[in-house]
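This report covers the salt bridges of one chain and the surroundings of a loop proline.

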Amino acid sequence: MKKDEIKQELQKRGIPYKTNLLKPQLLALLEENIASTSTSLPIDHTDPEQQPLCEVSKAYHEVVFWRANLCQVPSGKTGKDFVHEVANVLNSFNKNSQNSTIAIMLLMLLFPLVLQKPSATSKTRDHVIAIERRLELFRTGDFQSLLREGRVIQSRLPSREGKARNVLKAFTRLMLHGKVGQALRAIRDSDVAPVPVTPEVVTELIKKHPAPATSSQGRRWAFGPASPWVS
């Protein structure tokens, strides 16, 4: 499928997406939606009995665009409670229970809604308190409270533009000191690209790439000048 065709299919299904996503990301989003709805019933937003399904679906299609900001699952009772909740959601899918049609979406919501770091400087104790409180909200189906809290946390995360500038500064400083390996690792270990990967950028990079050598040139570089009697 072409990129425009994928966008049209996403719009037809009512799936929100960012305009700057690349074709593989758009295709993955479409395939994920097809997989999540292929075994579930159609959602009637006017049916009161399907209201929980509507809320889970709306929350899922918002949370998938959140930035990664998860804490580690703590040890002790709180960690066991979280793992137990994950197991309960999976069991509801395997046993074809009342929530089986939304179990996979619930599982995908459980991690970002419950494991969000409260702040960049939060400690393990803060994570334990937050997870205990959020687990109770998740069990009662209060997704709106979890979403409101998650939105506030996401809005406080540093912008990608600022992070990209910091990576660029670190790369420049290391290169000026001759630390090429460390400079390359700084870019490799970051989740930001030096420039957006657009068709125009790819075209410029191809232009800057040296033309491939012919077979005769390659032989001379590998074995030295060819003998005059060898064609």
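## Salt bridges overall

Seven salt bridges are found when the whole structure is searched. The model is a predicted one. Three of the pairs are described below, followed by a network and a loop residue.

## A pair within helix 4

Lys77 and Asp81 form a salt bridge, with 2.9 Å between the closest N and O atoms. Both residues belong to helix 4, which covers residues 77-94. They are about one helical turn from each other, because four residues separate them in that helix.

The two partners fall into separate accessibility classes. Lys77 has a relative accessibility of 62% and counts as exposed. Asp81 has 24% and counts as partly exposed, since the partly exposed class lies between the 20% and 50% cut-offs.

## Helix 4 to helix 6

A salt bridge also joins Glu85 and Arg139, whose closest N and O atoms are 3.1 Å apart. Glu85 is in helix 4 and Arg139 is in helix 6 (residues 124-139), so this pair ties together parts of the chain that are 54 residues apart in sequence.

Is Glu85 buried or exposed? Its relative accessible area is 10%, so Glu85 is buried, the cut-off for that class being under 20%. Arg139, at 39% relative accessibility, counts as partly exposed.

## Helix 6 to helix 7

Which side chain does Glu149 meet in a salt bridge? The partner is Arg134, at an N to O distance of 2.9 Å. This pair links distant parts of the chain, with Glu149 in helix 7 (residues 143-156), Arg134 in helix 6, and their positions 15 residues apart in sequence. Arg134 counts as buried, with a relative accessibility of 1%.

Salt bridges with shared partners also produce a network, and its members are Glu85, Glu136 and Arg139. Within that network, the contact between Glu85 and Arg139 is the 3.1 Å salt bridge described above.

## Pro16 in the loop

Where is Pro16 found? Pro16 sits in the loop that runs between helix 1 (3-12) and helix 2 (23-37). With a relative accessible area of 39%, Pro16 is partly exposed.

His61 lies 45 residues from Pro16 along the chain, and the C-alpha atoms of these two residues are separated by 7.2 Å.

Definitions and conventions: Residues are numbered from 1 along each chain as its sequence is written. This is a predicted model: local features need pLDDT of at least 70, side-chain atom pairs count only at pLDDT 80 or more; totals for chains, interfaces and linings use all residues. Side-chain values use heavy atoms; hydrogens and water are left out. Helices (H or I, at least four residues) and strands (E, at least two) are DSSP runs, numbered from the N terminus. Buried means under 20% relative accessible area, exposed over 50%, partly exposed in between (1.4 Å probe, protein chains only). A salt bridge is a side-chain nitrogen of Lys or Arg within 4 Å of a carboxyl oxygen of Asp or Glu.
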